[in-house]
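User: Could you walk me through this model before I plan around it? I'd like to start with how far it can be trusted.

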Amino acid sequence: MNHLAAVLPSVATPLFAGLLSSPVGVAHYLVVGAILFTAGVVCMALKRNALGVLMGIELVLNGANVNFVAFSSPYLRGEGAASLGLDGQVIALFVILLAAAEAAVALAITLNFYNNHATVDIDRAEDLKG
Amino acid sequence: MMIAVLASSMSMLGSTLLPISGPMAAVNWHSVLFLLFAAVACACAVAVVLADNVVRMAFYLVLSLASTAGLFFLAGAEFVGAMQLMIYVGGTLVLLVFGVMLTAQAPFVAIKTSSSDRVLAGMVGAALLAVLLQAAFRVEPWRRPAVAAEAAPAATPIGMALLGVRVDEPAAGVPAAAVRSGYLLPFEIVSIHLLVVLVGAAYLARAKRRRTPRAIDVAASSVGPVVEARQAARSSASALVSGGGR
Amino acid sequence: MADFLINTVGLPEWLAWTVTAFVAAALILNVIAGGALVFIWAERKIAARIQDRLGPTRTGGRFGWLQSLADGIKLLAKEDLMPEGADGMLFRLAPYISFCASFCAFIALPFAFDFVGQRLNVGVFFVVAVLGLEVFGVILAGYASASKWSLFGAMREAAQVVSYEVPLGMCVVVPVMLAGSMDLVTIGEKQAGWFTGWYLFHDPFTFVIFWVYVTCAVASVNRAPFDLAEAESELVAGFHTEYSGLRWSFFFMAEYGSMFLVSALAAVLFMGGWNGPIPVATLLGLSEGTGDTANYFVRLIGCGNLVLKATLGVLLMMWVRWTLPRLRIDQVMTTCLKYCTPIAAAMFAGAMLWQLAFPGGIVRGLSRPAGEIREGWLEGPGGLPVGRGTLMRKSAAAGSSELLAEPLADAKSEAGIDSQNVVQVVP
């Protein structure tokens, strides 16, 4: 945390001073990605509704996607920064596709669970507990 | 919502305005729009966590993911943005909302979490966020403002890459001699994967043989495969589209 | 326009761009709102004529043409009711979500060569994707109304819209494949000239797939005979049972907006977009480069063409609505999954093979030896490689370094073209 305190002031000047007039960089996108990711993780941990957990997963995947796109974007690259190029966008596409597949299976499982237990509260899924 | 309308129409302006963001431009529209979309995305993501009602959570999630698509457009990834809108927002989330509505009976609409859990999760989340933010700010070149760049439209190179041919420029900092692989094999694997998921989801959510079939089973079995089929068709169709491009 | 504001009026740059954006947004808004007024009046008159009645006759003179304006004022004055058990926030927001989706899709729709909100290189994809979001408003309205009729209507609509997007997507892919681009402006441009150049008449397969598109488009905007979501004989009024006043009218503006949109999309994809059946402008000697006024005139003609075609499409939907009986939900699903999807897939394959065998369409393709046209087609205008075949051929001829170098130059020239298309809804 000490390190963070040392970093923050030096960061704050270029990041927040001329936010409206200076172009955004990769770091801005990373901040958005981090917030989405954290919200998703907290959502997964906190929600007791199975569908809520599923929404948390979607948020996490999106946070990662934001980072991939930011690293691949030709518009955001600062001088001397490496870039993922097209690969970032392609990986983001695959993430979107796999997320769709995952959501379909997870939803089918949830509906099955709902049929058998008449609830979507995942704390009640304890049949296999010894 | 008017703000959302304006924002989306202006985002389109913003992406074309990017090249003139020199010292002449007092306000950088790209940044303004970025802030707008980022604020909506983050605020709605937090609202998903804070909301108790599962339908509202779904609604906030829709807004969050839609403005993330806006961010993708701003970053020049138009194809990914459109895919996000079509598959994620238009497909996956409709599916999710469907699931919510099938199970949204009064006792399950709002399942409360205990406040001690909330506090704990909040602390863990804050710690995680601190680590991630620090990581984002640690690398010097990421913090530098962007150089105004012109980029080729990415839809065609993406389609070619999915067919196994790379036609895009090598990324900055990567030696040109480095092997840049196409994505034909992953693309085929994902196609098969989607097919398997289609069958699997249909099997899991199928109507069981009961003496009196419950309405919920019938609905689930008729809805699941349909939505899944749409996603599979979309993904393969869109890949075909971009592959056939130009 | 922004340049005009900066240079002539002397506004600061940020204000000028804001004003320009607002004017563009307001123009599109007027297309939807004004269009809805006209179309509702037209629908009432057409319905009346089909049923051997007169329809509105009194308000505003002879043909009752002010009727929908009067209705609009009545709706404004109506009380905005909300059911007791409703989820307030979602209930209030739902109509606006529907309307926003319908509105946003207009951004990428070209009205003439450069009368377009924003030229996107994934234009078709964007329009179809955003149009698909309209269903969210309906689902939320159905859930938030706390009424069984609304919920049933919303569920039906969701299932229907979601499944009809599969064949719709396949139909849309065919013109994209023929034009070699997802950019709506490019697709429109490729069909310039006489009506024989339209993709509708490109080959038999595109002709069939156009009608599949029409079916799916009608279904995806929830018009009769696919209007199960608001089947008044079973569900009172479906998802908007509980709505009244202005919010209800937003649903209707969204519906008429998306009707116009899918018709305009059909016009751009299959019927030459802003190119009329006869190239009037070219025959008059007005082409690119004859001056600003001439250019502007050409654009106006194009705009008129597109609006006319889209209006014809909307009128066709009205005709269908008042002629055919409503389908059952299982019949709707059967139509989609057992008929539209396989037909669309087969026609897609057929159009692909046709393009390989006779590139250039039915008229040019059959009248000339295939090899000659294929050369020209693959090279494309200005030496740009058009298809994958060119790349392969070049790489076979000159080795793999050529494969990378050639498209690189092309990508750069493309970037040069694309950076110029600043928004010009209002030149």
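User: Where does pLDDT stay under 50 in chain B?
Analyst: Over residues 1–25 of chain B, pLDDT (the predictor's confidence in each residue, from 0 to 100) stays under 50, and for that stretch the model has 44 contacts beyond four places in sequence, contact meaning heavy atoms within 4.5 Å. Residues 236–246 of chain B also stay under 50, with 30 such contacts. Where pLDDT is low, the predicted coordinates should not be read in detail. This is a predicted model, in which local features need pLDDT of at least 70 and side-chain atom pairs count only at pLDDT 80 or more, while totals for chains, interfaces and linings use all residues. Residues are numbered from 1 along each chain as its sequence is written, and chains are lettered from A in the order in which they are written, while side-chain values use heavy atoms, leaving out hydrogens and water.

User: And what is the mean for chain B?
Analyst: The mean pLDDT is 71, with 58% of chain B's residues at 70 or more. Confidence is lowest in helix H1 (residues 2–17) of chain B, at a mean of 43, and highest in helix H3 (residues 54–74) of chain B, at 88; helices are DSSP runs of H or I, at least four residues, numbered from the N terminus.

User: Switching to chain C, is C:Asp52 buried or exposed?
Analyst: C:Asp52 is exposed, with a relative accessible area of 72% (exposed is over 50%, buried under 20%, partly exposed in between, with a 1.4 Å probe and protein chains only). Its phi is positive, near 65 degrees, and C:Asp52 lies in the loop between helix H2 (13–50) and helix H3 (67–77) of chain C.

Definitions and conventions
Helices (H or I, at least four residues) and strands (E, at least two) are DSSP runs, numbered from the N terminus.
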